[in-house]
Amino acid sequence: MSTISAPSRAGSGPWRLARAELRRRPSVMASLVVVALFAVMAAAAPLIGALGGWGPGEFDKSAVDPYLGGLPVGPLGGVSAEHWLGVEPVTGRDLFARVVHGAQVSLLIAFAATAIVVAAGTAAGIAAGYFGGRTDGALSRLMDLTMSFPSLIFMIAMMSVARDVNRIVLMTLVIGLFGWPGIARVVRGQTLSLKHREYVDAARVGGSGPWRILTRDILPGVAGPVIAYTTLIVPGMIATEAALSYLGVGVRPPTPSWGQMIAESVAFYDTDPMYFVVPSLCLFLTVLSFTLLGDALRDVLDPRGSRT
């Protein structure tokens, strides 16, 4: 029994060392602050958006000049005490409220799609690596088949033909459908190296079934790489949602999202650059923060993977 429980007792040491290493990196701490800021913004979007006094769908015609093609009144795209980040051209909708509610939609889709990818990829990778044989062959071929599709083209096609459906749910499922093979390959490789370890063999000899071995011995062993790669998946999901919304097949108006706002701002980038800068800056900071955080976690939790 002492052989089986040794990894769990020693497991706290590497995690403490990982936390200490991450705290020593200023880029990680800054990334965590930015990620936490946008996560709170997304979770409390109705409350935070209401601080400005405007809803995301409310029109303020007095904030735009009809004689100048609907351009915002005032400097920097209509920035004022009433509209903290300015307003949208033509409509006069408050940009602060739109950005906050757009964060909720964009991050909700990204996090939900990431959860689907991680759950499906981890389950498939562990099953393929542990059971081997026909199970490994079938799952590996399914991974190869899924990765062979031009995912963005298929996402656009699937989103275009869908009509009366919940766009947020559909986009989450579509993005998740094409994202799981990457993490499944990583988990499969880790499982192959773990299933012949002494403590796994001891558990097998002691009468533990496959389910108990997978959940008590294999899964904790692959947790570090999975956490590291999860943070690297999130920025890709955010960018994919923004790309689909930018192309007009994602979230539809009046529901705001950062990609949709960037697409609409293209027509005004030369006359109202703030309309383009604000959602683009939010998207850039979020993706950059998750990328830096993911790189650091991979270096600390999966150093072998960072060298390959």
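Visitor: Why is Glu88 called buried?
Guide: Glu88 has 1% relative accessibility, and buried means under 20%, so Glu88 counts as buried. Keep in mind that this is a predicted model.

Visitor: And its partner Arg93, why does that count as buried?
Guide: Same reasoning: Arg93 comes in at 10% relative accessibility, and the cut-off is under 20%, so Arg93 is buried.

Visitor: What makes the contact between Arg93 and Glu88 a salt bridge?
Guide: Their side chains meet at 2.9 Å, N to O, and the definition asks for a side-chain nitrogen of Lys or Arg within 4 Å of a carboxyl oxygen of Asp or Glu. The pair qualifies as one, and the structure holds 6 salt bridges.

Visitor: How do you know that Asp136 is buried, and why is Arg188 called partly exposed?
Guide: Asp136 sits at 12%, and under 20% means buried. Arg188 has 25%, and partly exposed runs between 20% and 50%, so Arg188 falls in that class. The side chains of Asp136 and Arg188 also meet in a salt bridge, 2.8 Å from N to O. That pair links distant parts of the chain, helix H6 and helix H8, 52 residues apart.

Visitor: Why are Asp201 and Arg204 about one helical turn apart?
Guide: Because they are 3 residues apart in helix H9. Their side chains form a salt bridge too, at 2.8 Å.

Visitor: Why is Leu292 called partly exposed?
Guide: Leu292 has a relative accessible area of 35%, and the class lies between 20% and 50%, so Leu292 is partly exposed. Leu292 is found in helix H12, which gives the nonpolar patch its largest share, 7 residues.

Terms used:
Residues are numbered from 1 along each chain as its sequence is written. This is a predicted model: local features need pLDDT of at least 70, side-chain atom pairs count only at pLDDT 80 or more; totals for chains, interfaces and linings use all residues. Side-chain values use heavy atoms; hydrogens and water are left out. Helices (H or I, at least four residues) and strands (E, at least two) are DSSP runs, numbered from the N terminus. Buried means under 20% relative accessible area, exposed over 50%, partly exposed in between (1.4 Å probe, protein chains only).
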